[in-house]
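User: I've got a model loaded and would like to talk through how it packs. Can you take my questions one by one?

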Amino acid sequence: MARGWLGAGVLVVFLILGFVVSGAMDNAHTPACELLTQAADMTLTGDFGGAVPLAMEAKDRWEKSWNGTAAVADHSPMDDVDALFAEMVTYAQSGEEPHFAACCRELAKRVQAVSEAHRFSWWNVL
């Protein structure tokens, strides 16, 4: 009987950890998605100088949450996002505005996809 209660306790702990991870992933990635979308919009409206700092801030946010994300996420999409951030920096340095805007849009979608894959839902908790 004691083993049954111990097993149930372990399952409850894992369930709570699943809730915490889901919330942390949302809090880490949603601001980066918003910044990247804003940077793309600003670039397309002609404010490339104001868009680059927003995109770099999104990159910094991604890098700060990278270790935590890597602990629970599949690495293949993360590698794709890292490669796109490297492209984005290159486009920002070379001043290629259309490519920079397109890269920011793609990054926002990819970061959002990583976040949604770990968002709280019954199939993610299981």
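Analyst: Sure. One term up front: a nonpolar core is a set of buried Ala, Val, Leu, Ile, Met, Phe, Trp, Tyr and Cys residues joined through side-chain atoms within 4.5 Å. Bear in mind that this is a predicted model.

User: OK, which residues touch the most other members of the largest nonpolar core?

Analyst: That core has 26 residues. Helix H1 (2-44), H2, helix H4 (75-94) and helix H5 (97-117) are the elements that each give two or more residues to this core. The members with the most contacts to other members are Leu36, Phe85, Met88, Phe100, Cys104, Leu107 and Val111.

User: What does Val111 touch, leaving out residues up to four places away in sequence?

Analyst: Val111 is itself among the core members that touch the most others. With those sequence neighbours left out, its partners are His29, Ala32, Cys33, Leu36, Trp62 and Val81.

User: Is Lys59 buried or exposed?

Analyst: Lys59 sits in helix H2, residues 48-64. Beyond four places in sequence, Lys59 touches Phe85, Met88 and Val89. Buried means under 20% relative accessible area. Lys59 has 19%, so this lysine counts as buried.

User: Which other residues of H2 are buried along with Lys59?

Analyst: A general point helps here: an α-helix has 3.6 residues a turn, so residues three or four places apart point the same way. Besides Lys59, the buried residues of H2 are Phe48, Ala51, Val52, Leu54, Ala55, Ala58 and Trp62.

User: How far apart are the end C-alpha atoms of H2?

Analyst: H2 has 17 residues, and at 1.5 Å a residue it should span 24 Å. The model agrees with that expectation, with the end C-alpha atoms 24 Å apart.

User: Why is there no bond between Cys103 and Cys104?

Analyst: Both cysteines are buried, Cys103 at 5% relative accessibility and Cys104 at 0%. A disulfide needs the two sulfur atoms within 2.5 Å. The closest cysteine sulfur to that of Cys103 is in Cys104, and the pair is too far apart for a bond because the distance is 6.3 Å.

User: How many disulfides does that leave overall?

Analyst: Cys104 is in no disulfide, its nearest cysteine sulfur being that of Cys103. By the distance rule, the count for the model is zero.

User: Zooming out, what pattern does the protein follow along the sequence?

Analyst: The protein has six helices and zero strands. Among contacts with a separation of 6 or more, 66% join residues 24 or more positions apart. Read along the sequence, the pattern is α-α-α-α-α-α.

Note on methods: Residues numbered from 1 in each chain as written. Predicted model: local features only at pLDDT ≥ 70, side-chain atom pairs only at ≥ 80, totals over all residues. Heavy atoms only, no water. Helix = DSSP H or I, 4+ residues; strand = E, 2+ residues; numbered from the N terminus. Buried < 20%, exposed > 50% of the residue type's maximum accessible area, 1.4 Å probe, protein only. Contact = heavy atoms within 4.5 Å. Expected span 1.5 Å × (residues − 1).
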